[in-house]
Amino acid sequence: MWDALWIDVDIATCATPGDYGRIENGAIGVQDGRITWIGPRGELPGPVEGLAAVLHEGEQKWVTPALIDCHTHLVHGGQRAGEFEQRLSGESYADIARAGGGIRSTVAATRAAGEADLLGAALRRLKPLIAEGVTVIEIKSGYGLDLQNELKMLRVARAIERQAPVEVVTTFLAAHAVPPEFDGDSDGYIDFVCDELLPGAVEQGLVDQVDAFCETIAFSPAQVERVFEAAKLFNLPVKLHAEQLSNCGGAELAARFGALSADHLEYLSAAGVRAMAKAGTVAVLLPGAFYTLGETRHPPVARLRGEGVPIALASDCNPGSSPMTSLLLAMNMGCVLFGLTPVEALAGVTRNAARALGLGDRRGTLETGKAADFVIWDIEEPAELAYRLGFNPCVEVIRAGAPTLVR
Ligand code: NIG
Ligand code: FE
């Protein structure tokens, strides 16, 4: 006897690249939190009444893998609506950062915030993501930039897993900006990141992966390389904010270190695409940042597709470049702004998002043996998920085989 069985559902398994993996009138059997059987209802190994302890009837709604937000800065203090106004009156993101605003202003707010307040604010931002069927979220540090505050951010990220029905993947991003106490000494700060901050955070068991911001207004490829070497000493996977505002060759560097993903990528070169393809590095596109900053340069989607680089989409939820808490909107923007197909957009927040977090073997698609994390949607076609703006058709979220959210 299985624990539970869902019938009368249409399923998009996302198991094959370039395809929804449609199973019309399908069934999903669940045992111990995993999928034990999936296929057309007509092929079930017996009458539905005798197969599982609990039978769920889906009224012919659609089922997809649960969503995965693979790039967020969900934990942060304060907000930057003032910079939004500055940008609307003509200042650029880079100008504001160079003048000491931008990431640095969130560093000040995050350092000033208590742990309980940071957690409360992050949980409020998480709520709309969970309501859209997110069961895995990546959360970066990078607004603390000293030991006490980087640890504080990462502890809050871990605490989220205990307070909400999500799995959290933590990412150490101390190489996000140079803090005021290292003004004019970015190399000295990188030494501090590698020698003190990373070992301190790893010692507390707070780091799942390591990221950096490779950009003219942030860190050079040579500095990022030192951070990646430090990550290697701890056997931690790496990823990179790369080619967002200019082409620094970050993607090639990330690929050389076998990075799980390179993220943003508006200025990615043909050589960068090839390097990522060879290394199996996922391209994480962040249309919320492109949109919010009013960028005009598009990531090379046709080339990524042509070289077979897996494409993921994420919210990049952060107070500066992407104050967004919707993966459904990221899917719509991925299609409208970047030219992804709705099939690619769905794969981008399921199958390829799982790969970008190194979780591809157990999450992101609906297949036997994988986590029984899935969403039930009140839609007629899977393309509806990317098509609507500001409408959430999620009716139920199943996590580890159990309903966690019913709307
Ligand atoms: O992914 N690009 C760098 N980091 C963030 C923005 C952080 C911020 O502006 O606070 C991003 O866009
Ligand atoms: Fe980011």
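These legends accompany close-up views of a predicted model.

**View 1. Ligand 1 and the residues around it.** Have a look at the surroundings of ligand 1, where 15 residues gather. R80, Y93, Y143, Q244 and S321 are the closest of them. The space that ligand 1 takes up is the largest cavity.

**View 2. Polar side chains that reach ligand 1.** Here you can follow three side chains in turn. Y143 places a polar side-chain atom 2.6 Å from an oxygen atom of ligand 1. In the side chain of Q244, an N or O atom is 2.9 Å from a nitrogen atom of the ligand. H73 also takes part, with a side-chain N or O atom 3.3 Å from an oxygen atom of ligand 1. On its own, ligand 1 has 330 Å² of accessible area, and the protein covers 100% of that area.

**View 3. The aromatic pair Y189 and F192.** Across the whole structure, a search finds 8 aromatic pairs. One of them joins Y189 and F192, with 6.3 Å from centre to centre and 45° between the planes. This pair is tilted, because an angle that is neither under 30 degrees nor over 60 falls into that class. Both residues belong to helix α6 (residues 186-203), and they are about one helical turn apart because 3 residues separate them.

**View 4. Burial of the pair, and its wider cluster.** Are Y189 and F192 buried or exposed? Y189 is buried, at 0% relative accessibility, whereas F192 is partly exposed, at 23%. Ring pairs link both residues with F182 and F219 in a cluster.

Conventions. Residues are numbered from 1 along each chain as its sequence is written. Chains are lettered from A and ligands numbered from 1 in the order in which they are written. This is a predicted model: local features need pLDDT of at least 70, side-chain atom pairs count only at pLDDT 80 or more; totals for chains, interfaces and linings use all residues. Side-chain values use heavy atoms; hydrogens and water are left out. Rings of Phe, Tyr and Trp (its six-membered ring) pair if their centres lie within 6.5 Å; planes under 30 degrees apart count as stacked, over 60 as edge-to-face and the rest as tilted. Helices (H or I, at least four residues) and strands (E, at least two) are DSSP runs, numbered from the N terminus. Buried means under 20% relative accessible area, exposed over 50%, partly exposed in between (1.4 Å probe, protein chains only). A residue is near a molecule or strand if one of its heavy atoms lies within 4 Å of it. A polar contact is a pair of N or O atoms within 3.5 Å; within protein, one must be able to donate a hydrogen and the other to accept it, and residues adjacent in sequence count only if both atoms are side-chain atoms. Accessible areas come from the Shrake-Rupley method with a 1.4 Å probe; for residues, only the protein chains shown count as cover. On a 1 Å grid over the protein atoms alone, a cavity is a set of points where a 1.4 Å probe fits but cannot get out, and a pocket is an open set with protein on both sides within 12 Å along at least five of seven lines; lining residues have an atom within 4 Å of a point. A molecule sits in a cavity or pocket if more than half of its atoms lie within 2 Å of its grid points.
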